[in-house]
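Here are my notes on the model you sent over, as numbered points. Have the structure open while you read, and start with the aromatic residues.

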Amino acid sequence: MAELCIRLLSHNLMIHTYKVSGMTCTGCQAKVQELLSQIPGVQSVSVDLAKAAADIEMKEHISTQTFRNMLAAYPKYQITESEVSMPVAAAPAEVPVSWIATYKPILLIFGYILTVALIAGYHQGHIRLLEMMRIFMGGFFLTFSFFKLLNIKGFAESYAMYDVLAMRWKAWGYIYALLELALGLAFITEFRPLMTNIVTLMVMSLSIIGVLQSVLSHRKIQCACLGAVFNLPMSTVTIIEDGLMIAMSGIMIAGMI
């Protein structure tokens with residue numbers, strides 16, 4: 001039997017937990033989360049693929065039929081509910097996860113790439129800044145494109161939840177993953193450095209718009225920076241990530257002109 005667990009929040013919001021069947025991959029997870037998030041009155045949606053469940057935070061009760069109607073175009077996704085006959089107080093409290101634990105994957109990746117960049121940029125007792133940044137950016141794009149290409153369909157669907165261009169043009173998510181790979185190779189091989197940095201500046205400036213909108217509006221959605229492999233929440237970490245690429249490409253362009 002499907003279970004519905006209702007929890008009242010201190011700021012007069014409700015979280016309903018529904019069962020969602022038909023999800024087989026992270027792409028399905030992203031699609032269900034995207035569709036349910038579009039319903040008026042829904043504050044946030046968190047979909048758990050392993051548990052086949054969706055936690056939906058709302059201002060006031062929304063009928064299950066409303067959710068079914070939103071998923072109607074994708075009949076393989078079925079959302080169901082039935083009340084649990086137990087007091088809310090008996091529901092187990094969620095164990096908070098530390099910031100370090102949440103962002104451990106991306107912190108490790110940044111640490112590895114930075115270490116390699118510093119070693120490559122070190123020469124005769126000093127760090128060649130532009131060389132270090134070139135290697136860092138090449139390693140960044142190659143690594144991040146790798147995770148995106150592991151499940152490019154899942155990435156494209158997750159990316160379309162917040163990127164301003166991918167929302168309107170679904171193919172952009174696929175192009176973006178391949179573009180990151182091309183930029184990574186261009187930085188490592190020093191292919192047309194000025195053009196490579198200009199493209200990077202333009203692409204990352206476009207990307208950060210959707211990130212800023214999502215973070216500032218406090219939307220609780222999955223960040224697609226590491227594709228659909230890791231379930232990282234959208235936060236200021238994503239802003240820093242994109243902002244760092246914008247700053248580095250700008251510095252390198254200034255150094256070439």
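1. Let's begin with F144. Is F144 buried or exposed? With a relative accessibility of 0%, F144 counts as buried. Bear in mind throughout that this is a predicted model. F144 has a ring partner in F140: the ring centres are 4.2 Å apart and the planes sit at 25°, so this pair is stacked. Angles under 30 degrees are what count as stacked here. Both residues belong to helix α5, where they are four residues apart, or about one turn of the helix. That fits the general picture: an α-helix has 3.6 residues a turn, so residues three or four places apart point the same way. F140 is buried as well, just like F144.

2. F144 also pairs with F110. Their ring centres are 6.2 Å apart and the planes make an angle of 85°, so this one is edge-to-face; the cut-off for that label is over 60 degrees. F110 is in helix α4 (residues 104-121) while F144 is in α5, so the pair ties together parts that are 34 residues apart in sequence.

3. Which residues make up the aromatic cluster around these rings? F110, F136, F140, F141, F144 and F187 form one cluster. Across the whole structure, the search turns up 15 aromatic pairs.

4. F187 leads on to the packing of α7 against α8. The axes of these two helices come within 11 Å and cross at roughly 145°, and the crossing is left-handed. On the α7 side, the contact is made by W172, Y176, L179, L183, A186 and F187. The α8 side supplies T196, N197, V199, T200, V203, M204, L206 and S207.

5. Have a look at T196 in that contact. T196 is part of helix α8, and its relative accessibility is 4%, so it counts as buried; the limit for that is under 20%. What does T196 touch, leaving aside residues up to four places away in sequence? Its contacts are L183, A186, F187 and F191.

6. Between α7 and α8 there is a loop, and E190 is in it. E190 is not a glycine, yet its phi is positive, at about 60°. Its relative accessible area is 48%, so E190 is classed as partly exposed.

7. Q124 is another residue to check for backbone geometry. Its phi is positive too, about 50°, and Q124 is not a glycine either. You'll find Q124 in the loop between β6 (122-123) and β7 (126-127). Is Q124 buried or exposed? At 70% relative accessibility, Q124 counts as exposed.

8. Now for helix α6 (residues 152-159). Six of its eight residues are buried, so the rest of the structure largely encloses this helix. The buried ones are G154, F155, A156, E157, S158 and Y159. What covers them? The cover includes α1 (26-37), α5 (129-150), α7 (171-189), α8 (193-216) and β8 (222-223).

9. Strand β2 (residues 14-21) is a similar story: six of its eight residues are buried, so β2 is largely enclosed by the rest of the structure. β2 pairs antiparallel with strand β4 (residues 53-58) over six bridges, and within that pairing T17 stands opposite D55 of β4. β2 is also joined to strand β5 (residues 78-80) by three bridges, again antiparallel. There, K19 has T80 of β5 as its bridge partner.

10. Last, the overall numbers. How many helices and strands does the protein have? The secondary structure comes to nine helices and nine strands. Of the 257 residues, 43% are buried. Among contacts with a separation of 6 or more, 66% join residues that are 24 or more positions apart. The protein exposes about 13400 Å², and carbon and sulfur atoms supply 67% of that.

Technical notes:
Residues numbered from 1 in each chain as written. Predicted model: local features only at pLDDT ≥ 70, side-chain atom pairs only at ≥ 80, totals over all residues. Heavy atoms only, no water. Buried < 20%, exposed > 50% of the residue type's maximum accessible area, 1.4 Å probe, protein only. Contact = heavy atoms within 4.5 Å. Areas by Shrake-Rupley, 256 points an atom, 1.4 Å probe, with all protein chains shown as cover. Phe/Tyr/Trp six-rings, centres within 6.5 Å; stacked < 30°, edge-to-face > 60°. Pairing = 2+ DSSP bridges. Axes fitted to C-alpha atoms, helices over the stretch in contact; angles between N-to-C directions. Left-handed = near helix turned anticlockwise from the far one by under 90°.
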